[in-house]
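Let's take a walk through this structure together, starting with the overall fold and ending at the surface. Keep the 3D view open and turn it as you read.

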Amino acid sequence: MKKTLFYLLLFVPFISYGVTVIPNPLGSGTGISTIITRVTDFIFSLGLATAVIVFLVGGYQYLFSFGSEQKTSQARKTLMYGVVGVIIMLVGRGITTLITSIIG
């Protein structure tokens, strides 16, 4: 009972304040094009970070293959997957830019 009363007294000022003023978490521009741009920018930055990691892993595999044909082939595949991923991200970014320009 004491815990419930404590939490009630702790959060009552926030509840009463939150009913009257709720700040917009997306910022000043809340149009659909702004939301799409922000989401795709976030996804693109995550994709680029992943691509850098894939390239580092592929380079590491290639560097430490020591001439083994199987390991060299695996390293080339890893690097190729990284390149294909970057191309897909760039095409996706272009499509979302086209859509946001059409929407306005």
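The paragraphs below go from the fold to a helix pair, then to a salt bridge, a loop residue and a surface patch.

A word on the source before we start: this is a predicted model. The protein contains 3 helices and 0 strands, and along the sequence the pattern reads α-α-α. Of the 104 residues in the protein, 12% are buried.

Now turn to the second and third helices. Helix α2 spans 32-63 and helix α3 spans 69-103. How do their axes cross? The axes of α2 and α3 come within 9 Å of each other and cross at roughly 170 degrees. Angles over 145 degrees count as roughly antiparallel, and α2 and α3 are therefore roughly antiparallel to each other. Sorted by class, the contact of α2 with α3 has 16 nonpolar, 13 polar and 3 charged residues.

The ends of this pair offer a nice check by eye. I103 and I32 are 71 residues apart along the chain, yet their C-alpha atoms are separated by 8.2 Å. I103 is in helix α3, and with a relative accessible area of 45% this residue is partly exposed, because that value falls between the 20% and 50% cut-offs.

Next, look for ionic pairing. How many salt bridges does a search of the whole structure find? The search finds 1 salt bridge. D41 pairs with R93, and the closest N and O atoms are 3.1 Å apart. This salt bridge links distant parts of the chain, with D41 in helix α2 and R93 in helix α3, 52 residues apart. Is D41 buried or exposed? D41 has a relative accessible area of 33% and so counts as partly exposed. R93 is also partly exposed, at 33% relative accessibility.

Between the two helices there is a residue worth a closer look. F66 is found in the loop between α2 and α3. Its phi is near 55 degrees, a positive value in a residue other than glycine. F66 is exposed, because its relative accessible area of 70% is over the 50% cut-off.

Finally, colour the surface by residue type and look for a nonpolar patch. Which residues form this patch? I32, F55, M80, V83, V84, I87, I88, V91, I95, I99 and I103 make up the patch, and together they have about 970 Å² of accessible area. Helices α2 and α3 each supply at least two of its residues, and the largest share, 9 residues, comes from α3. V91 is one of the patch residues and lies in helix α3. With a relative accessible area of 49%, V91 is partly exposed. Why can a partly exposed residue such as V91 belong to the patch? Patch residues need over 30% relative accessible area, and V91 qualifies because it has 49%.

To recap, α2 and α3 run roughly antiparallel to each other, D41 and R93 form a salt bridge that links these helices, and both helices contribute to the nonpolar patch.

Definitions and conventions: Residues are numbered from 1 along each chain as its sequence is written. This is a predicted model: local features need pLDDT of at least 70, side-chain atom pairs count only at pLDDT 80 or more; totals for chains, interfaces and linings use all residues. Side-chain values use heavy atoms; hydrogens and water are left out. Patches are made of residues with over 30% relative accessible area and no salt bridge: like charges are joined within 9 Å, nonpolar side chains (Val, Leu, Ile, Met, Phe, Trp, Tyr) within 5 Å. Accessible areas come from the Shrake-Rupley method with a 1.4 Å probe; for residues, only the protein chains shown count as cover. A salt bridge is a side-chain nitrogen of Lys or Arg within 4 Å of a carboxyl oxygen of Asp or Glu. Helices (H or I, at least four residues) and strands (E, at least two) are DSSP runs, numbered from the N terminus. Buried means under 20% relative accessible area, exposed over 50%, partly exposed in between (1.4 Å probe, protein chains only). Axes are lines fitted to C-alpha atoms, for helices over the stretch in contact, and angles run from 0 to 180 degrees between N-to-C directions. Angles under 35 degrees count as roughly parallel, over 145 as roughly antiparallel, 65 to 115 as roughly perpendicular and the rest as oblique. Ala, Val, Leu, Ile, Met, Phe, Trp, Tyr, Cys and Pro count as nonpolar, Asp, Glu, Lys and Arg as charged, and the others, Gly among them, as polar.
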